[in-house]
Amino acid sequence: MLWNWYTTDACFLSSSWQIAGPGMFAGTCVGVVCLGITLEFLRRCAREYERYLAGRAADAAANLPTVAELRPPGVAPPPKDEQQAVAVTNSHVHTRPATFRPNFLQQLIRAILYVLEFANAYILMLYVKRVQTTVKV
């Protein structure tokens, strides 16, 4: 296996981005490291945004009325023997688990983060593929 040490006249992403000298090669390497850092930053932003949305949904679900709060004012509380059952069921009123559905703006922000993340990863993949083609077997 031979490694290509000649980086002059190598192309990075397109034929217009041609490495003309050692300085341009070093700048390309620094740029690739910055792309990797940007990719991880975008992933972190997407995770934090998902946590933020999940936290807001959990807060909204916590503010739902309980069974006791839904009882009309004129209705008497249940007898003593049923109070334990009511205490157990006095949690939030749900017929099924609450699901979170993002609105249009939230989904748009999620989609933009995903597209930026995917594009950045794709450019890094192209660079890795380019580096692999310089290795002779």
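Accessible area, as I use the term this morning, comes from the Shrake-Rupley method with a 1.4 Å probe. On that basis the protein chain exposes about 10700 Å², and carbon and sulfur atoms supply 66% of that area. Please keep in mind throughout that this is a predicted model.

Let me begin with the overall fold. The chain has four helices and zero strands, so that, by the DSSP runs used for these elements, the order from the N terminus reads α-α-α-α. Of the 137 residues, 15% are buried. Turning to contacts between residues at least 6 apart in sequence, 67% of them join residues at least 24 apart.

Next, the annotation. An unreviewed UniProt entry places the feature "transmembrane region" at residues 20–42 and again at residues 111–128. How much of each span is helix in the model? For residues 20–42 the figure is 91% helix, with 0% strand, and the end C-alpha atoms lie 31 Å apart. Residues 111–128 are 100% helix and 0% strand, with 25 Å between the end C-alpha atoms.

I turn now to the surface. A nonpolar patch is formed by L13, W17, M24, Y114, V115, F118, Y122, M125 and L126. Together these residues have about 870 Å² of accessible area. Which element gives the most to this patch? Helix 4, residues 104–133, does so, with six residues. W17, another member of the patch, is placed in the segment before helix 1, which covers 22–62. W17 counts as partly exposed because its relative accessibility is 33%, and partly exposed means between 20% and 50%.

The charged residues deserve a closer description. Side chains of opposite charge can pair when their charged atoms come close. How many salt bridges does the structure hold? There are five, and I shall describe three of them individually.

In the first that I describe, the side chains of E40 and R43 meet at 3.1 Å, N to O. Both residues lie in helix 1, three residues apart, which is about one turn of the helix. E40 is partly exposed, at a relative accessible area of 43%, and R43 is likewise partly exposed, at 33%. The pair also belongs to a wider arrangement, since E40, R43 and E117 are linked in a network of salt bridges.

The next pair is E48 and R51, whose side chains meet at 2.8 Å, N to O. These two residues also lie in helix 1, three residues apart, or about one turn. Is each partner partly exposed or exposed? E48 is partly exposed at 34% relative accessibility, whereas R51 is exposed, with a relative accessible area of 52%.

The last pair joins E50 and R110, with a salt bridge of 2.6 Å, N to O. This pair links distant parts of the chain: E50 sits in helix 1 and R110 in helix 4, 60 residues apart. Both partners count as partly exposed, E50 at 34% relative accessibility and R110 at 27%.

Finally, a word on the cysteines. The structure holds zero disulfides. C29 is partly exposed, at 27% relative accessibility, and C34 is also partly exposed, with a relative accessible area of 41%.

Technical notes:
Residues are numbered from 1 along each chain as its sequence is written. This is a predicted model: local features need pLDDT of at least 70, side-chain atom pairs count only at pLDDT 80 or more; totals for chains, interfaces and linings use all residues. Side-chain values use heavy atoms; hydrogens and water are left out. UniProt positions are given in the numbering used here, feature names are shortened, and annotations may be inferred rather than shown by experiment. Buried means under 20% relative accessible area, exposed over 50%, partly exposed in between (1.4 Å probe, protein chains only). Contact means heavy atoms within 4.5 Å. A disulfide is a pair of cysteine sulfur atoms within 2.5 Å. Patches are made of residues with over 30% relative accessible area and no salt bridge: like charges are joined within 9 Å, nonpolar side chains (Val, Leu, Ile, Met, Phe, Trp, Tyr) within 5 Å. A salt bridge is a side-chain nitrogen of Lys or Arg within 4 Å of a carboxyl oxygen of Asp or Glu.
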